[in-house]
Every structure is written in structure tokens, then in C-alpha cells.
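Colleague: Could you take me through this model step by step, giving the reasoning behind each value?

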Amino acid sequence: MIIYRTFKRLFGLLPSAFKRRGILVIIFLLVNSFLDVLGLGAIIPVVLVLVKDGAIQSNSFLRQMHEITGNLDEEYFILMLCFMLVIVLVLKNVATTFIAYYQAKFTYELKNYFSQNLFRSFYRRGLPYFKKLNSQNVLRNINGVPSSFAVSIVLPLLSFLTESLIISFILIGLLYYDYKVVIILAVVVFPVFGLFYRFAKNKIKFFQEELYRLAPDMSRVSFEAIYGFTDVKVTGTEEKFFEKHHALQKEMIKHNIMSITYQSVPPKVIEFSMFLGVSLIITYGVFAFDDRSDLIALLGLFALAAYRVLPSINRLMLSVMTIKSYEYTMEVMERDGALVVSNPKKDEEGEVLSFQSLEFKDLSFSYENKLEPVLKNVNLKVKNGEVVGVIGESG
């Protein structure tokens, strides 16, 4: 499964310090999911008392609460339940806001770590390496890829884990209330999501990979036209740059339109599935319950669950599709050295390297694919702190 594969690759990329913090993030996710479900669960007693006659006596939890509060009149008991609901929601929102802050902090510090390591990794490769590359590709991989990785891999992965836990808790609660409803929904609704994901996953990935491929070309054309303004005007080649820019822009717009279109479909799929689920529950309730108030209570409970589950399923599907679309960011970092040691100035024992002088004897150098050496049998001694420049024909 893509989530397991992504989580495993992410864990392989993380340094030790971030792995420890990642475990703490997962614990926070569990707490966050529990608080979300607790907030939803606090509404259920109020709904049951309002829509079902005799709910206080027939429901063991409500009966115990009623006895603890001194057998208040039903009106005052409802007011007390509403007050408790407000307290629970306030505490839940404060806690979940802090957890969201910690998750964002973890994600963007991770983005900074990888960006710095990629910067060092590329810079160590020297001039011959850079002369062979489009510099816009390097800039994209140093700045753009870690950012896309943070926003489109790490955050969606955390979101997927959160929403999966929330949905699991809610389903457990529904199973406890009426397991037959959950079985009906699972058999009818879940396959709809599976079919859509199977159809859309590779298409969205293709669109994002094409945008990744085209972005450096677009930057290069713009860069050359602007910074080479004098040469472009003198040679009269501005129309060629305009045409190239227009062609690239047109292709990128096409892929963006299709990507956005596919990403807009999940809410519609979810809406259809939920209406299908409501119809099935009504059909089940008409034949299963003699008292229509039981059906109304079941529909009310399902509506509350759907109120929280619908956004969760939407975010869950979008998370999976986004992760699938941006898998290439992990490939780039694995390939281009995101795991390089962050402080290259220290040797294996942790000591800063030092020297009195460097001496070159009979040094020769030639560029790749060049037969004639530009340096031949050079002897040179450089003291620590000296600056020596080698000037060639190009300056």
C-alpha cells in the first residue's frame, strides 16, 4: 500500500533526532484523534435526549449522569449537558491547535534540514558537474523539492494517520451502537472510494510529474530572456522566447487544469456515497424498527458521525492522491544526497580539521571531455589563511 511504502521511505530518510520527534508526533496524532472523537461523542447525549422519548431512562450512560446530577428536571438536565459540551469543545480545540502547531513546526524544520543538505550535496560536486546541468534544475531541487516534500508528503501523511484514527474510533462507536448499519455502509460505500482511487491515482501522479519536468524549462526561458535582455534585443530573438514561453505555459496550464479537476472529484464521490448510505439506513430502519423514534435516533447519530467523517474521508482521499502525486520528491532526495552529514567541517571523531599548509606536487588537471590539460605538472604550496587564484583565458 502506498501509505505503508511512503512511511517506510520517510523513516529511512529521517535522521535520528527527527525519528525521535516523529514518534512524539504520532503520539500527538493519537491524542488529537481521541479528542476529536470525544468532542463528537459529547454531542450525542444531547441529541438522544432531544429526539428520543425516554432516552434518559433507556440509556445507561444518561441514566447514571441524571442520577449524579440529582435527578434534575429534563429541561435543566439538557442545559447541563449543553454546558458540558461547550467545556469539552473549548478544551479540545485548544489542545488540537497546539498539536497542529507542533506538527507544522516538525514538518517545516524537516524541510529546512533536507534543503540545507541538498544545498551542501550539490555544492560539493564542483564546477564540472554544474557546467553539465541546467542551473534551474538544481535550484528547483534545492528549494522547490524539499518544500513540496514537506507540504505534499509529510503533512498529507500526518493528515492520513489522523483521519484514519478518527474514522476508526467513530466506526467502533457505531459498531457498538448498531453493527448492522456499519456492515451495510462498508459493503456498499467503501467500494465506491476504492474504484475512484484506482481510476484516478496514476493520472494525478502523471500530471504532477509533468509539471515537475516543465518547471525548470519555464524558469530558464524567463531567466535567459530577462537577464540577457540586451543580447535578445540586439539579435531580435525576443519572439522566439515569447513563443517558447507561451508553449511551455500552455502545456503547464493543461496539466494544472486536469490535476485540479481530478482533485475536485473526491467530495462529489463522498457526497454520493453518503446519500446512498442514508438511503440504505432508512430502508434498514423501516423494516428493523417498530418505533420510528428509534429510526430518527439512528439517523441523528449517523448524521453526527457523517458530519465528522465526511471531511475526514475527503482529507484522507486527498492525502493519498497528493502523496501519490509527489512521490518523486523522495526519489530526488534519495538520489541527490539529502542524507549528507549536516556539518561537513568535522571529521569522524568530531574534531575540526586544521592544517598549516597544503602542498601540490606535479598536479595536472583537464576538464571532462577535453584532451588538453589546463594545468600541467603544477607545484604549489599554500599556507593556512592564504588566498590563491588561478586565472585562465576566460578569466
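Colleague: What span should helix H1 have at 1.5 Å a residue, and how far apart are its end C-alpha atoms?
Modeller: This is a predicted model, and within it helix H1 covers residues 2-13, which makes 12 residues. At 1.5 Å a residue the helix should span 16 Å, and this agrees with the separation of its end C-alpha atoms, which is 16 Å.

Colleague: Within what arc do the buried residues of H1 fall, seen down its axis?
Modeller: The buried residues of H1 are Ile-2, Ile-3, Thr-6, Leu-10 and Leu-13. Seen down the axis, these buried residues line one face of the helix, because they fall within an arc of 95 degrees.

Colleague: Which residues are exposed on the other side of H1?
Modeller: Exposed here stands for a relative accessible area over 50%. On the side of H1 opposite the buried residues, those that are exposed are Tyr-4 and Lys-8.

Colleague: Are H10 and H11 roughly parallel or roughly antiparallel to each other?
Modeller: The axes of helix H10, residues 238-263, and helix H11, residues 265-288, come within 4 Å and cross at roughly 20 degrees. Angles under 35 degrees count as roughly parallel. The description that follows for H10 and H11 is therefore roughly parallel.

Colleague: How do the residues of the contact of H10 with H11 divide into nonpolar, polar and charged?
Modeller: On the H10 side the contact is made by Thr-261, Tyr-262 and Gln-263, and on the H11 side by Val-265, Pro-266 and Pro-267. Sorted by character, the residues of this contact come to 4 nonpolar, 2 polar and no charged.

Colleague: How far apart in space are Phe-241 and Ser-222, C-alpha to C-alpha?
Modeller: Phe-241 lies in helix H10, and once its neighbours within four places in sequence are left aside, Phe-241 is in contact with Val-221, Glu-224, Ala-225 and Val-232. Phe-241 and Ser-222 are 19 residues apart in sequence, while their C-alpha to C-alpha distance is 8.0 Å.

Colleague: What is the relative accessible area of Asp-362?
Modeller: Asp-362 belongs to strand S1, residues 357-365, and has a positive phi, near 50 degrees, although Asp-362 is a residue other than glycine. Most residues other than glycine have a negative phi. Asp-362 is classed as exposed because its relative accessible area is 52%.

Colleague: What is the relative accessible area of Asn-377?
Modeller: Asn-377 sits in strand S2, residues 375-383, and its phi is positive, near 50 degrees. Asn-377 counts as partly exposed, because its relative accessible area is 47%.

Definitions and conventions
Residues are numbered from 1 along each chain as its sequence is written. This is a predicted model: local features need pLDDT of at least 70, side-chain atom pairs count only at pLDDT 80 or more; totals for chains, interfaces and linings use all residues. Side-chain values use heavy atoms; hydrogens and water are left out. Axes are lines fitted to C-alpha atoms, for helices over the stretch in contact, and angles run from 0 to 180 degrees between N-to-C directions. Helices (H or I, at least four residues) and strands (E, at least two) are DSSP runs, numbered from the N terminus. Angles under 35 degrees count as roughly parallel, over 145 as roughly antiparallel, 65 to 115 as roughly perpendicular and the rest as oblique. Contact means heavy atoms within 4.5 Å. Ala, Val, Leu, Ile, Met, Phe, Trp, Tyr, Cys and Pro count as nonpolar, Asp, Glu, Lys and Arg as charged, and the others, Gly among them, as polar. The expected span of a helix is 1.5 Å times one less than its number of residues. Buried means under 20% relative accessible area, exposed over 50%, partly exposed in between (1.4 Å probe, protein chains only). The arc is that of the directions from the helix axis to the C-beta atoms.
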